[in-house]
Structures are given as C-alpha cells and as structure tokens.
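Welcome to this structure. Here are a few numbered points to read alongside the view.

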Amino acid sequence: MSRIAILGAGLGGVIMAYEMKDKLRPEDELTVVNLGSTYSFVPSNPWVAVGWREREDISVDLNGIFQKRGIKLRPEGARRVHPEENRIELNDGSFLDYDYLIVATGPDLAFNEIEGLGPDANTSSICHIDHAEKTKAAFDALVKEPGPIVVGAVQGASCFGPAYEFAFILDTALRRAKQRDQVPMTFVTPEPYIGHLGLDGVGDTKSLLESAMRERHIKWITNARVGKVEPGRMFVEEVDEAGAVKTAHELPFAFSMMLPAFRGVPAIHGLEGLTNPRGFVLIDKHQRNPKYRNVFGIGVAVAIPPVGKTPLPVGVPKTGFMIESMVTATAENVASLIRGGEPKAVATWNAVCLADFGDEGIAFVAQPQIPPRNVNWSSSGKWVHAAKIGFEKYFLRKVRQGKADTFYENLVLDVLGIKKLKELRIEPAE
Ligand SMILES: Cc1cc2nc3c(=O)[nH]c(=O)nc-3n(C[C@H](O)[C@H](O)[C@H](O)COP(=O)(O)OP(=O)(O)OC[C@H]3O[C@@H](n4cnc5c(N)ncnc54)[C@H](O)[C@@H]3O)c2cc1C
C-alpha cells in the first residue's frame, strides 16, 4: 500500500487527483490537501470581474465528488511541508504522512514586492475569485464615473495572457456600457515587446496583439518597471535594452488591474533542495524533485527558467494544457514507482492558449514552449471567444464528473497533433 498526497486542488491538483486515482491500485490511499473544499476555475475570473460570470457559475464543491471517487479531502490547508520526514503539517496542527507527494499549490501572489500594489492597496486583481468579485465593484464604479485605465503586469510576472485578455475584455465591456469614449487605456508590461508573453512570442502574436490594441485604442508601454502605486496614480519607469531608465511616467488612473509576480506558497518556500529562491519546486524532466525523490511538482508551483534574457525580469507562463501534460506525466511516473518501476514519462509542456477579448480573441500553440519550435502558430477571430467558452464548460464538466480526460478530448488533440507526453521517451510502466 502506498500513501499519495496531492497538495492543492486547483486546475492542476484536481485533474491530478482524478488521473492518479485511475492509475492507483485498490489498496493505495490518495489524499488531497487544499485550502477549502471548493474548486474555482481561475481562467474565468476576468469574466467575473466585469459581471459576465458569477462565483457559482465557475465553482465546484469537491466533497461529494471526491468521496464518490474514493479520494480523501483535507480542506484545512498545509502550514508546512516537512520533506525530510515525509509529512505535511496542516493548518489545524495535525500531520499527514505520505509516501509520495505531488505539489500543486499554484502561485503565491507577490503584491507586497511593489509599494501600493494589489487589492488590499491601490490596484485591482483577477488572480483569485475573491479578487475578481472585488474588481467587479471597482468596474461598476468606473462605469458610473469613467476615467483612465492602467492595465497590465509588473516586472517579474509570468502570466501575461490574462493581462492582455482583461484589457480587451474591459474594452468590450465599456463599449457595451457606451462609456468607452470616456476611458483612455494604457497597457503597462515588462515584456520587451507586445506579444512576447514570456515565450519570446508565438507565431505572429506581436503583430496580432499590436494591431488589436491599435484598433481598440489601447496605448502601451513595454520594458516598464512599476516603482510604486499611489491611490489613482502609478509610477512607471520605461527602460532601454541595457535596463537603464529611458522615460519616467506618472500614470493617473480611475481603475487599474496589474498582474503581480508569482512565487511559491509559504508552505514550501525556503525548503532547501525542494524549492528555488523564489519558492518554486525544482523538478527534473520527470516532474520529480532531484533531492526529495518521492516529491513531484506540477502547475504554476514548479520552477521553469526564463526563455531568454530581457531588460526586465519576464517569467515563462504555465498555461492549462501545459499543466495537464505535467499531470499526465506525473500520474504515469508515480504509478510506475509504486509498482517498483522507474519514472519514464516526460511531459511535452506544449503551450496552447486562448486569449479571449469578449467578442473575438487570439489563440496560439507553441510546441515546445521554448523556441526553436516544431509548431509556432497563432491566429485570431470570433471562434476564439466561442472556444474559450467551450474550454470553460468542458473543464468544469470534467471536474464535476470526477473524470480526467475523455476519449473525445484525446481524439481532438490527436487530430490537432497535440500530445501531452513525449512519445519516444515513454516506456510502459512495470
Ligand atoms: C487570471 C488568470 C487567468 C488565466 N487564464 C488562463 C487561461 O485562459 N488558459 C490557460 O491555459 N491558463 C490560464 N491561466 C494560467 C493557469 O492555467 C492558471 O493559473 C491555473 O489555475 C494554474 O493551475 P495550478 O493548479 O498550478 O494553480 P491553482 O489553480 O492556482 O491552484 C492552486 C491550489 O493550491 C491551493 N493551495 C495554495 N496553498 C495551499 C496550501 N498551503 N495548502 C493547501 N492548498 C494550497 C489553492 O487553494 C488552490 O486551490 C490563468 C491564470 C490567471 C491568474
């Protein structure tokens, strides 16, 4: 009998639990530790922030579903992982022992690295459902009393898709409210160019996004470092290629949403050998920690080096499909280990992303994430908005049904030539 613990029940952790359960033996024990017992679909938060979705639309109570699947849920959350002792200390002071641990804790939002940043200070956020609901109130106030918007991401951020997406969604929502003409918009980003996305661009994302921003009257500042934010005013330094300050901007705003930098959550931050200095889990090609060989990492929680040098720090995004590929590889590898085998599955880490504008959108596929690539494709159109709604409905259905991927999902991905695992390197589990 093996005891497997998954830390975090977000986009990666829930699907991890389903795939892992499918691969375990009847005598094995699977426990998920999460902060609470509700799953919330993060990619729909931008829609919540403008009132196109309510919390209930994108939330799932995991209790009954996990129980039906024979998965234990500990909603207390983890205070600290003790990898030397193979145990997790929970927030209520109790302990959970494990033989294998899969860390899926997502990001800790580093708002406090910039003075005045974040939903407890002077900017809004869409990173968490609670933030998105608070942002909706700020958006309603903006519609009543329009003024300039500053939207984007700060230095060290790694999640740029949602920043672009939210700028375009705001544009659409304000047009529908007939207030867009009263709202000058500026997009602020540390990326060296529009459409870099932490991936050095994918296909034609530079032209596609620049053109969409021009068409929608969104100005931008790239290579932008946010110094501090005061109520209604952001202080931004635009740097040159060497990182020296080129122009200092003082941007007044009536509404601002800035994505923060991410770091690892406190329960794992600072564990020598398990995490890097930012608190992200160090992993090898099998998603396995090099020091603690019974610990695996998936999702935003893992450490991935940047794709290249940029004047300001720009991280690599960890998007939904890439995370699902990490899940599939980890399930294969843990299943192999508990049967006395070796981990052999390697995730493809392909980035497949849909950036919704509320009426149309931009899609891209990067295979692999880091250039040069075998597939480097981007496109735009109304179909992207429809596909994003499809992704939301499909993913939530999967979570509610307690199932990992389905025949149809695999069929569609196969037709598109998108794989979760590197085929040549997999060998059957012993
Ligand atoms: C606003 C936004 C929009 C995005 N949109 C898209 C998109 O459209 N498409 C796409 O592919 N990707 C998107 N992403 C990127 C990515 O897919 C999501 O961030 C995704 O939710 C990451 O999954 P995860 O499992 O790594 O982390 P999360 O989904 O954040 O889950 C982490 C889980 O760990 C739990 N946790 C944290 N600390 C502890 C602890 N101490 N103990 C126990 N549990 C803990 C949390 O409660 C949470 O349930 C988006 C990201 C953001 C922020």
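**Notes on the model**

1. Let us begin with the ligand. Around the ligand there are 32 residues, and those that come nearest are Gly8, Gly10, Gly106, Gly299 and Gly320; a residue is near a molecule if its C-beta atom, placed from the backbone, lies within 6 Å of it. Two or more residues of this shell come from each of helix 1 (11-23), helix 5 (161-176) and helix 7 (320-338). Helix 1 gives the most, with three residues. Helices (H or I, at least four residues) and strands (E, at least two) are DSSP runs, numbered from the N terminus.

2. A word on what you are looking at. This is a predicted model, in which local features need pLDDT of at least 70, side-chain atom pairs count only at pLDDT 80 or more, and totals for chains, interfaces and linings use all residues. Residues are numbered from 1 along each chain as its sequence is written.

3. What is the shell made of? Its residues divide into 19 nonpolar, 13 polar and no charged. Here Ala, Val, Leu, Ile, Met, Phe, Trp, Tyr, Cys and Pro count as nonpolar, Asp, Glu, Lys and Arg as charged, and the others, Gly among them, as polar.

4. Now look at the sheet. It is open, with four strands in the order 13-12-11-17 and parallel pairing (two strands pair if DSSP finds at least two bridges between them). Strand 13 (218-221) and strand 17 (255-259) stand at the edges with a single partner strand each, so one side of each has no neighbour in the sheet. On average, neighbouring strands are turned by 20° against each other, direction ignored.

5. Strands 12 and 13 run parallel and are joined by four bridges. Met185 has Ile218 of strand 13 as its bridge partner. Helix 5 packs on the sheet, touching strand 11 (149-153), strand 12, strand 13 and strand 17, and its direction makes about 155° with that of strand 11. Axes are lines fitted to C-alpha atoms, for helices over the stretch in contact, and angles run from 0 to 180 degrees between N-to-C directions; contact means C-beta atoms, placed from the backbone, within 7 Å.

6. Two backbone angles deserve a look. Most residues other than glycine have a negative phi. Phi of Leu197 is near 65°, and phi of Asp200 is near 55°. Leu197 is found in the loop between strand 12 (185-188) and helix 6 (205-215), and Asp200 also has its place in the loop between strand 12 and helix 6.

Note on methods
Contact = placed C-beta atoms within 7 Å.
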